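Below are some comments on the strand pairing in this model and on how far its confidence values carry. Please read them with the structure open beside the text.

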Amino acid sequence: MTLREAAEKAARQQQDVTEAMTSIINQLRYAIETDSDGSEGQQDVAIKNLFYVKLIQLTGRNPPQEQFVTDLKVHLTTEPTSIQTALDEHFDAQTVEYEGHKLTQWLSIKSLPPVLQIHIVRESLKGKIEHHFPLQMELYMDRYMDPVDPGLLELKKQRWQRKKALDVLQKQKDEIFNVASEVGGMNMAENIKGLVEWLKEAREGFGHSEHAIPGITDELLTPLSQEAARLESAIPQLEAEHVRIKQAMDTQFDHLTTIHYRLHAVFFHRGGMRGGHYWICIHDHRRNIWRKYNDDKVSLISQEDVFKEDPVDKGKATPMFLAYVAADKLDELVEPLHREPVEPVDT
């Protein structure tokens, strides 16, 4: 096998999108020319400044831990309504055990690169998570920054308190609704009402007095009926409170729009965990058009088609990796690959 044949074979092998991006970043690193003084590490500095996010993790009063990452990983354990809400969950506080104590742990961003990469993690024990992930063109990162401003820290704490309140509401809703999947699709209130009706009929012997069951008194039935009524009235109240808190969480950072990014590219994948097919859609901001790069085919595609959910039930095309670029650096940093054929000139 020739070197060319070996290279072509390697290029055809399935690669995870993060592996492909790591390979590309390494190739860029090797391609960067150093200054004439030949000092070491110049390529690494250039790549880090362009692609790396500097994160800081705080756990209680322990010293902060810093790390550099090439992408932010968003895990689809829930069905977020947008990339912004998915990032909100990624940077939410959590309670961890540390040396026998329960401490609050949370991430924030110390510094951002002009090219921000987001990996949508779809792996699970049951296979690829295929539910639709809504994309958005504009992304604001102010809310995730290290809160040097006390006002930002206070907003973060408000969000965490609201998140805890939502968790409590969800547990209350689960107590009512989780029975539905086990007992004929009915919630707890409906089950208790059904039980009361059955007990009333049993007391009367189901139409045959000789089969009447003794001991079923109003003292037994009345509390059950009252509990069913309480649960029935609680359902809309819980739903309304859930909507109110969620709306407050979704809008509390809307005024923070200084650190602005625009969507530049979306990597798509069709298939399962063991294989499939990748392609990429790239936005040309100068012409305000999208192009789809699929193997050797390049075609125009509408933004609506880039953003919409794939109608396929199984093995659907899903966004796996996003590239955002700082809005004020678009002209400086990116220009999608495209053809500009020169028309022949008559002589």
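1. A point of detail to begin with: which residue of strand 2 is the bridge partner of Lys 54? The partner is Phe 68, and this pair belongs to the contact between strand 1, residues 53–59, and strand 2, which run antiparallel and are joined by five bridges.

2. The model is predicted, and its confidence should be kept in mind throughout. The chain averages a pLDDT of 82, with 84% of the residues scoring at least 70. Confidence is highest in strand 9, residues 138–140, at 96, and lowest in helix 1, residues 3–12, at a mean of 48.

3. Over residues 6–14 the pLDDT stays under 50, and for this stretch the model has five contacts beyond four places in sequence. Where pLDDT is low, the predicted coordinates should not be read in detail, and I would ask that any description of this segment be worded accordingly.

4. Returning to the pairing, four strands form an open sheet in the order 2-1-5-4, with antiparallel pairing. Strand 2 (65–69) and strand 4 (94–98) stand at the edges and have a single partner strand each, so one side of each is left without a neighbour in the sheet. Neighbouring strands of this sheet are turned against each other by 35° on average, if direction is ignored.

5. At the strand 4 edge, the pairing with strand 5, residues 101–111, is antiparallel and extends over five bridges. Here Tyr 98 has His 101 of strand 5 as its bridge partner. The hairpin made by strand 4 and strand 5 has two residues between the strands, and in it Glu 99 takes a positive phi near 50°, a value that may merit a look when the backbone geometry is checked.

6. Is strand 14, residues 318–326, largely enclosed or left open by the rest of the structure? Nine of its nine residues are buried, so strand 14 is largely enclosed by the rest of the structure.

7. Strand 14 also has pairing partners that deserve to be described together. Strand 10, residues 260–272, runs antiparallel to strand 14 and is joined to it by eight bridges, while strand 6, residues 115–121, pairs with strand 14 in the antiparallel sense over five bridges. Phe 321 of strand 14 appears in both pairings, since it is the bridge partner of Phe 267 and also stands opposite His 119.

How values were computed:
Residues numbered from 1 in each chain as written. Predicted model: local features only at pLDDT ≥ 70, side-chain atom pairs only at ≥ 80, totals over all residues. Heavy atoms only, no water. Pairing = 2+ DSSP bridges. Axes fitted to C-alpha atoms, helices over the stretch in contact; angles between N-to-C directions. Buried < 20%, exposed > 50% of the residue type's maximum accessible area, 1.4 Å probe, protein only. pLDDT = per-residue confidence, 0-100. Contact = heavy atoms within 4.5 Å.
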